[in-house]
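Here is a friendly walk through a protein model for anyone meeting it now. Have a look at the sequence and the picture, then read on.

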Amino acid sequence: MPSSKFILETKRLTLRRLNDKDAPFIHRLYNTEGFLSFVGDKNIGSVIDAAVYLRASLMPMYTHAHMGLFAVEEKQSGLPIGICGLIKRDSLDDIDLGYGFFPEYEGKGYATEAAQAMIELATNTLKLSKIVAITHPHNVRSLALLGRLGFVLESGIEPAPELVLLKRDL
């Protein structure tokens, strides 16, 4: 597995790999109304469930350099405020930009800042020619963010017609 020391910094944020100590953070984040509505219920009913989810689903993404969901921390407070990263999904041909933030940090540009850092990583380090993003068609905030980042609607997703796929050429 690549080094656990991977850190990416922006003006206001630090993006770092998730670890076992992040179970309480993941438990809280994945049980917010936004996550439950637009990402889905991952059955993370306790901190122990979150630790299992981290080990089984999130941390294995790091087997490929620069891939996976990363904890997004506010530099000033040091608090984790969300997740953002690049995901290789078996169901997609292209790399997927994923993100989610606590409601109290929405509308402050943090998602844009973190996503732009991941797009730069995809372009400059991974040398990708395109990335995609998946969102719910009723997730107005996510659609607006992706539009600002240069993504355009591509299609619905088979076999998940309740989701839409957006793409961005790099």
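Arg 12 counts as partly exposed, because its relative accessibility is 29%, which falls between the 20% limit for buried and the 50% limit for exposed. Please keep in mind that this is a predicted model. The side chain of Arg 12 meets that of Glu 113 in a salt bridge, with N and O 2.7 Å apart. Arg 12 sits in the loop between β1 (7-9) and β2 (13-17), while Glu 113 belongs to helix α4 (residues 110-125), so the salt bridge links distant parts of the chain, 101 residues apart. Is Glu 113 buried or exposed? Glu 113 is buried, as its relative accessible area is 14%, and buried means under 20%.

**More salt bridges**

How many salt bridges does the structure hold? The structure holds ten of them. Another one joins Glu 73 and Arg 16, whose closest N and O atoms are 2.7 Å apart. Glu 73 lies in strand β3 (residues 68-74) and Arg 16 in strand β2, so this pair ties together parts that are 57 residues apart in sequence. Both Glu 73 and Arg 16 are buried. Asp 22 joins in as well: Arg 16, Asp 22 and Glu 73 are linked in a network of salt bridges.

A further salt bridge is formed by Glu 104 and Arg 28, with 2.5 Å between the closest N and O atoms. Here Glu 104 lies in the loop between β5 (95-101) and α4, and Arg 28 lies in helix α1 (residues 23-29), so the pair ties together parts that are 76 residues apart in sequence. Glu 104 is partly exposed, with a relative accessible area of 38%. Arg 28 is also counted as partly exposed, at 45% relative accessibility.

The table puts these three salt bridges side by side.

| Acidic residue | Basic residue | Closest N to O |
|---|---|---|
| Glu 113 | Arg 12 | 2.7 Å |
| Glu 73 | Arg 16 | 2.7 Å |
| Glu 104 | Arg 28 | 2.5 Å |

**Helix α4 and the core**

Let us return to the helix that holds Glu 113. Helix α4 has 16 residues, and from its first C-alpha to its last it reaches 22 Å, close to the 22 Å expected at 1.5 Å a residue. Its buried residues include Tyr 110, Glu 113, Met 118, Ile 119 and Leu 121. After the helix comes Lys 127, which has a positive phi near 55 degrees.

Which residues have the most contacts inside the largest nonpolar core? They are Leu 15, Ile 26, Tyr 30, Cys 84, Leu 97, Met 118 and Phe 151, in a core of 51 residues. Helix α4 gives the most to this core, with nine residues. To see what such a contact-rich place looks like, take Ile 26: leaving aside residues up to four places away in sequence, Ile 26 touches Leu 18, Ile 44, Ala 50, Leu 54, Leu 58 and Ile 83.

**Strands β3, β4 and β5**

Strand β4 (residues 80-87) is mostly covered, with seven of its eight residues buried. On one side of the pairing story, β3 and β4 run antiparallel over six bridges, and Gly 68 stands opposite Leu 86 in β4. These two strands form a hairpin with five residues between them. In the turn, Gly 78 has a positive phi of about 80 degrees. Strand β4 is also joined to β5 by six bridges, again in the antiparallel sense, and Gly 82 has Phe 101 in β5 as its bridge partner.

**Two buried polar residues**

Strand β5 also holds Asp 96. Asp 96 is buried, with a relative accessible area of 2%. What does the side chain of Asp 96 make a polar contact with? Its partner is the side chain of Arg 89, at 2.6 Å. Not counting residues up to four places away in sequence, Asp 96 touches seven named neighbours, among them Gly 85, Leu 86, Ile 87 and Val 132.

Ser 142 lies in helix α5 (residues 140-148), and this serine is buried at 7% relative accessible area. The side chain of Ser 142 makes a polar contact with the side chain of Tyr 99, at 2.6 Å. Beyond four places in sequence, Ser 142 touches Tyr 99 and Thr 135.

How values were computed: Residues numbered from 1 in each chain as written. Predicted model: local features only at pLDDT ≥ 70, side-chain atom pairs only at ≥ 80, totals over all residues. Heavy atoms only, no water. Salt bridge = Lys/Arg side-chain N within 4 Å of Asp/Glu carboxyl O. Helix = DSSP H or I, 4+ residues; strand = E, 2+ residues; numbered from the N terminus. Buried < 20%, exposed > 50% of the residue type's maximum accessible area, 1.4 Å probe, protein only. Expected span 1.5 Å × (residues − 1). Core = buried A, V, L, I, M, F, W, Y, C linked by side-chain atoms within 4.5 Å. Contact = heavy atoms within 4.5 Å. Polar contact = N/O pair within 3.5 Å; in protein donor to acceptor, adjacent residues only side chain to side chain. Pairing = 2+ DSSP bridges.
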